[in-house]
Amino acid sequence: MSSVESTRMAQRKREKRPASFADFIVQFRWIVVVPVVLPLSFLFYQYKAWQLTIHRFLHGPSNDETHAEAIKKVQKRIRERKPATDGLICTARPPWLGVALRNSEHKRSTRFEVELGHLSTIVWIDKEKRLMKVEPMVCMSQVSHATLKLGLAPAVLPELDDLTVGGVINGYGIEGSSHIYGLFAETCTAFEIVLGDGNLVRCTADNEHSDLFKAIPWSHGSLGLLVGVEFRLIPVKEYMRVTYTPVHGDLKKIAQVYTDLFCPRDLDQDNPEKVPDFVEGIVYSENTAVITTGRYASYAEAHNKGNKINALGWWFKPWFHIHCEKALGTGEFVEYVPIRQYYHRHTRSLYWEGGLIVPFGNHPLFRLFLGWLMPPKVSILKYTQNDAIRKYYIQRHACQDLLVPQHKVAESLEFCHDAFETYPVWLCPHRLFKMECGTMLDAEKGYAKNKQPGDTDYAQMWTDVGVWGVPGPVLREEVWDGVEATKSMEKWLRDNNSYQCLYAVVEQTEEEFWEMFDPTLYTAMRRKYGAEGAFMPLYYKISNTKKTPQATKKEKDL
């Protein structure tokens, strides 16, 4: 018997755990979510939409002048700070308003708050240069709404409506097109940063602040406050031609079929005839998966006789991951999806987490009569959850993303099955460009000497393995420790030259954290641009460590 099989046998013999009150609260949370959270979420979305409309009506469209005035408010506030007595600088946004699942413990300590909520408008779109400038609180739904009517879209547009531009740069932004363009931050051409002394710098890849430009992604506001972003747009068509490919077999076979659909074995990775525009995998069990690939298609092509058009974004339609699962029974099929509905295909169900919050949310009657209220707003869910639910989600719920080299996808899937046994699992490929300048993330050293399918001389292919949901042992009412599972995952990532996505709970120590990520450029930028003593260091912002007065003092001294 192999070691993997032995481990899995041991997993099935876990001790049973007694049911708790937290189990009851989480199981029947929908009693509060459906009559309270869903209507509040709907009203909140409507309020934000009308707020932006009224702002444009009263003040006209935004431009560089109005944007500059908005930045001056941020600079003025920072210059009011007294470093000797005031706390470290952080945004005034309440922790519950963020999409990240971890608790923002750093906001429980003494801090100097700076309001960024007014930075929520699109500054301009240059159709000729295919560039867009926005403020950091602009969300993905605003971006797609503004660009698609021009026949353009960001090269990488993360799926969920509520994700903000600032969030996906300082944190993590990926989409099914990342195997071509990389992460969202890698499509950006300029960042505007307000430093700890209140000065504004504009950094690009080739100006005097190019070092800061390379260090901003993943820094989580620990180098300065992001107040403006410019990023590339690409021409798009009206539809996405989506192919649903079922896979039956073990995890190694799933990984191989997934890889073969977008990584030519002859290494001709930059050939658009061989590489689709979009790729996404959903692993439903250790033996089944559906891989979807997409290519942009015109209105005329989509409406050719015999083609199937599926407007899957309507509230009464089945959730996308449920729709994909049909391919396991019917076999491969192709359909055309309106482009904006495809971009935001996971919004209504929050991938598959929506089914945990509203267990009957995909029922045809619920979709028909109340589906228009979906999704619940993550921030309102966080606001209405108590400490028992927060603790439950840390201990008995998985929500992690493993960023692994493409050639390690099969190993990572096997590890995730052993450690979490959580399904579905999300697969999304992305290019990691070769930087070699001490950035936190970089391609594996020497990968170009032995390129694997998906690799090029300038970038290595990686995959995001998203593990979100209730682990198998928890479903079977067995003992399972989420904290230990997370620590085990973090160790596996460190041992395999891979990375943890930092929106989730981080349990590793500071030493282990900087073993996983390269601190070279980040540390140098904190010194050079005056972030030390002004902004909290990255590890202390994202770790699950409680913030004691002693820890706060240490952070301020760093």
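How many bridges pair strand 6 with strand 8, and in which sense do the two strands pair? There are six bridges, and the pairing is antiparallel. Keep in mind that this is a predicted model. Here's a quick tour of two spots: strand 6 with its partners, and the second largest pocket.

**Strand 6 and its surroundings**

- Strand 6 covers residues 188-194, and six of its seven residues are buried, so the rest of the structure largely encloses it.
- Buried here means under 20% relative accessible area.
- As background, side chains in a regular strand alternate between the two faces of the sheet.

**Partners of strand 6**

- One partner is strand 8, which spans residues 225-235.
- Look for Phe 191 if you want a landmark: its bridge partner in strand 8 is Val 229.
- Another partner is strand 7, residues 200-203, which runs antiparallel to strand 6 and is joined to it by four bridges.
- On that side, Val 194 sits opposite Leu 200 of strand 7.
- Strands 6 and 7 make a hairpin, with five residues in between.
- In the turn you'll find Gly 198, which has a positive phi of about 90°.

**The second largest pocket**

- Now for the pocket: the second largest one has a volume of about 480 Å³.
- Its lining is made up of 23 residues, and those closest to the centre are Asp 442, Ala 443, Glu 444, Lys 445 and Tyr 499.
- Helix 20 (482-495) and helix 21 (510-516) are the elements that each give two or more residues to this lining.
- By character, the lining of the second largest pocket splits into nine nonpolar, five polar and nine charged residues.

Terms used
Residues numbered from 1 in each chain as written. Predicted model: local features only at pLDDT ≥ 70, side-chain atom pairs only at ≥ 80, totals over all residues. Heavy atoms only, no water. Buried < 20%, exposed > 50% of the residue type's maximum accessible area, 1.4 Å probe, protein only. Pairing = 2+ DSSP bridges. 1 Å grid on protein atoms, 1.4 Å probe; cavity = no way out; pocket = protein on both sides within 12 Å on 5 of 7 lines; lining within 4 Å. Points joined across faces, edges and corners; volume = space filled by probe spheres on them. Nonpolar A, V, L, I, M, F, W, Y, C, P; charged D, E, K, R; others polar.
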